Amino acid sequence: MRQKLVIANWKMHGNLALNKQLLAACTEKLSSLKNVDVVVCVPYPYLAQAQSMLQNTSIAWGAQNLSKDSDGPFTGEVSANMLKDFGATHVIIGHSERATAYCESDENIATKFMQAKTHGLIPILCVGETLIEREAGVMQMVVAKQLDTIINTYGASVFAGTIISYEPIWAIGTGLAASAEQAQSMHKFIRDKVAEYDQTAASQLKILYGGSVNPQNAVQLFSMQDIDGGLIGKCSLNAQEFEGICQAAVR
Ligand code: PEP
């Protein structure tokens, strides 16, 4: 039985004062929730603030990207070990907003995935299709290709203990979430694909859904067999809505 998991992706939002309020509200509302793990992925400069406010609570914290290199002359980059210095346990890899804006290739994303894993961070790998790809009926092919880049380079066993977030690009920030059936069907496809190579990794793998999740649609989405929780953008910036989503995961 996989414990449900809800991850906040704050994106490039917040400041010291707002974060303080949001983190305080989250710890107050969420610390006592049983049967759901909660992680908050903050912008790099606020990792120290997350560390100081979340340590000794049940909420973990992480980042939204990392360098594909361990160390060296890479101006502006942040390494896995730097994230660990601030107590981060998780890192989002290959979010479509980054993949699109910064031309991150599947190969680059695969390297970052392994960089996180080998340094003891839990990668949250984002996969998903565009609206054109869904309308053309090739969404499984697109997601399979994203996974194959990792499987063909490192083997499917690397997915053990990691997280995949299915985030249809057309659902991110649009208010138009995938239906529970659409999401379940893709989640099952992802789990079955990993299971073709490694049954244990597939059964342990947490597969989250991301894309316009709110407290209302979360109830049905999280009731599906292969949906292990959510990656939450907009609603994670509102303590009440984020709590509602975490409550839906507990049900
Ligand atoms: C995201 O960007 O990871 C996301 C799921 O955003 P939103 O919840 O705002 O659609």
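At the start of helix α1, which backbone nitrogen does a side-chain oxygen of N15 reach? The nitrogen belongs to A17, and the side-chain oxygen of N15 comes to within 3.1 Å of it. This report describes a predicted model, beginning with its barrel and then turning to single helices, strands and residues.

## The barrel

The strands form a closed barrel of eight, in the order β1-β2-β3-β4-β5-β6-β7-β8, and their pairing is parallel. From one strand to the next, the twist averages 25°. Helix α8, made of residues 180–195, packs on this sheet and touches β5 (122–127), β6 (163–166) and β7 (206–210). The direction of helix α8 makes about 150° with that of β7.

In general, the strands of a sheet pair through backbone hydrogen bonds, and the pairing is either parallel or antiparallel. One parallel pair here consists of β2 (residues 36–41) and β3 (residues 59–63), which are joined over four bridges. Within this part of the barrel, C41 has G62 of β3 as its bridge partner.

Further along the barrel, β5 and β6 also pair in the parallel sense, over four bridges. There, I124 stands opposite I163 of β6. Strand β6 is in turn joined to β7 by four bridges, and these two strands run parallel. Two of the bridge partners are I164 with I207 of β7, and Y166 with Y209 of β7. Strand β7 then runs parallel to β8 (residues 229–232), to which two bridges join it. In that strand, L231 is the bridge partner of G210.

## Two enclosed strands

In a regular strand, side chains alternate between the two faces of the sheet. Strand β6 shows two such directions: I163 and S165 point one way, I164 and Y166 point the other way, and all are buried.

Strand β7 has both faces covered. On one side lie K206, L208 and G210, on the other I207 and Y209, and all of these are buried. Because five of the five residues of β7 are buried, the strand is largely enclosed by the rest of the structure.

Is K206, a residue of strand β7, buried or exposed? Its relative accessible area is 17%, and therefore K206 counts as buried, the cut-off being under 20%. A polar atom of the K206 side chain lies 2.8 Å from the backbone oxygen of Q3. Leaving aside residues up to four places away in sequence, K206 touches R2, Q3, L5, D37, T162, I163, I164 and D228.

## Helices α1 and α11

Helix α1 covers residues 16–30, and its length can be checked by simple reasoning. At 1.5 Å a residue, its 15 residues should span 21 Å; the C-alpha atoms at its ends are 20 Å apart, so the two values agree.

An α-helix has 3.6 residues a turn, so residues three or four places apart point the same way. The buried residues of α1 are N19, L22, L23, A25, C26, T27 and L30. The elements that cover them include β2, α2 (47–54), β3 and α11 (239–250).

Helix α11 contains C246. This residue has 0% relative accessibility, and so C246 counts as buried. Not counting residues up to four places away in sequence, C246 touches V6, L30, L33, V36 and V38. L30 is also among the buried residues of α1. C246 and A218 are 28 residues apart in sequence, and their C-alpha atoms are 8.7 Å apart in space.

## Surroundings of the ligand

The ligand has 15 residues around it, of which K11, H95, G173, S212 and G233 come nearest. The table lists three contacts with oxygen atoms of the ligand.

| Residue | Part of the residue (N or O atom) | Distance to a ligand oxygen atom |
|---|---|---|
| E167 | side chain | 2.9 Å |
| S212 | backbone | 2.8 Å |
| K234 | backbone | 2.9 Å |

For E167, the atom concerned is in the side chain. For S212, by contrast, a backbone atom is involved, and a backbone atom is likewise involved for K234.

Notes
Residues numbered from 1 in each chain as written. Predicted model: local features only at pLDDT ≥ 70, side-chain atom pairs only at ≥ 80, totals over all residues. Heavy atoms only, no water. Pairing = 2+ DSSP bridges. Axes fitted to C-alpha atoms, helices over the stretch in contact; angles between N-to-C directions. Contact = heavy atoms within 4.5 Å. Expected span 1.5 Å × (residues − 1). Buried < 20%, exposed > 50% of the residue type's maximum accessible area, 1.4 Å probe, protein only. Polar contact = N/O pair within 3.5 Å; in protein donor to acceptor, adjacent residues only side chain to side chain. Near = heavy atom within 4 Å.
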